[in-house]
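Got the viewer open? Let's take a walk around the ligand, one selection at a time.

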Amino acid sequence: MNILIAYASTEGQTRKIARYAADYLNGQGHTVELCGAADAKDAELARFDAVLLAGSVHAGKYQKPLVAFAKNKASDLAHVRSAFLSVSLAAAGDDPDDWKGLSDCVTRFAEKTGWTPPTVMHVAGAFRFSEYDFFKSWAMRWIAAQKDHEVKPGQDKEYTDWAALKKTLDGWLAGG
Ligand SMILES: Cc1cc2nc3c(=O)[nH]c(=O)nc-3n(C[C@H](O)[C@H](O)[C@H](O)COP(=O)(O)O)c2cc1C
């Protein structure tokens, strides 16, 4: 299959996940184009058999270039196999309120863009203290403490389950 992966990433974890997905799908015999959402705006979606949009949650929202891309391409996305990969820290846990919050984020994204993703993949992201400024670092240490995540000052911590991601991608491409 010819697959486009368009992503947006603030601290780098979604970029890493998108790159991993591209390498994995390539290894499975697919042709994959990996592109930042801002650079994908001129992509001709009819050229692709499948399109994956990936972004991460920051204060309940996805990155603006990803929202713009989905909005711009909403009608084209309706004619191709598509999925939305949402990266967050809430997906690292099993708090029902957090999962409801994630579902609300996707609903808002769909309302804003006019694209309702037929498949949504929730993927756990990472604390990236190496990328945070003082204020983000302070806020994220507070969030880590609320959720009993053990983090060390200045150290990144990754929650992404790479094996599960491969299975999710396989399921998406195998389905209808
Ligand atoms: C300022 C900030 C706000 C965040 N807000 C949320 C949030 O509302 N819900 C959530 O589940 N994760 C939240 N996260 C966690 C990110 O989704 C997670 O760190 C993800 O791996 C970031 O992906 P990126 O590196 O591709 O930007 C937040 C992270 C930061 C730094």
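For this tour, a residue counts as near the ligand if one of its heavy atoms lies within 4 Å of it. Keep in mind that you're looking at a predicted model.

Start by selecting the ligand together with the residues around it: you should pick up 21 of them, and the closest are S9, Q13, T14, V57 and A126. Color that shell by residue type and you'll get eight nonpolar, eleven polar and two charged residues.

Next, zoom in on the ligand's oxygen atoms and show the protein backbone. At V57, a polar backbone atom is 2.7 Å from a ligand oxygen. Hop over to A90, where a backbone N or O atom lies 2.8 Å from an oxygen of the ligand. Then try G60, whose backbone N or O atom is 3.2 Å from a ligand oxygen. Now switch on the surface: the ligand alone exposes 640 Å², and the protein buries 86% of that. The spot it occupies is the largest pocket.

Switch to cartoon view and select α1 (13-27), β4 (81-88) and α5 (134-146); each gives the shell at least two residues. Finally, color by domain: domain 1 (2-125 + 160-174) and domain 2 (127-159) each contribute at least three shell residues.

How values were computed
Residues numbered from 1 in each chain as written. Predicted model: local features only at pLDDT ≥ 70, side-chain atom pairs only at ≥ 80, totals over all residues. Heavy atoms only, no water. Polar contact = N/O pair within 3.5 Å; in protein donor to acceptor, adjacent residues only side chain to side chain. Areas by Shrake-Rupley, 256 points an atom, 1.4 Å probe, with all protein chains shown as cover. 1 Å grid on protein atoms, 1.4 Å probe; cavity = no way out; pocket = protein on both sides within 12 Å on 5 of 7 lines; lining within 4 Å. Sits in = over half its atoms within 2 Å of the grid points. Helix = DSSP H or I, 4+ residues; strand = E, 2+ residues; numbered from the N terminus. Nonpolar A, V, L, I, M, F, W, Y, C, P; charged D, E, K, R; others polar. Domains from an automatic or database assignment.
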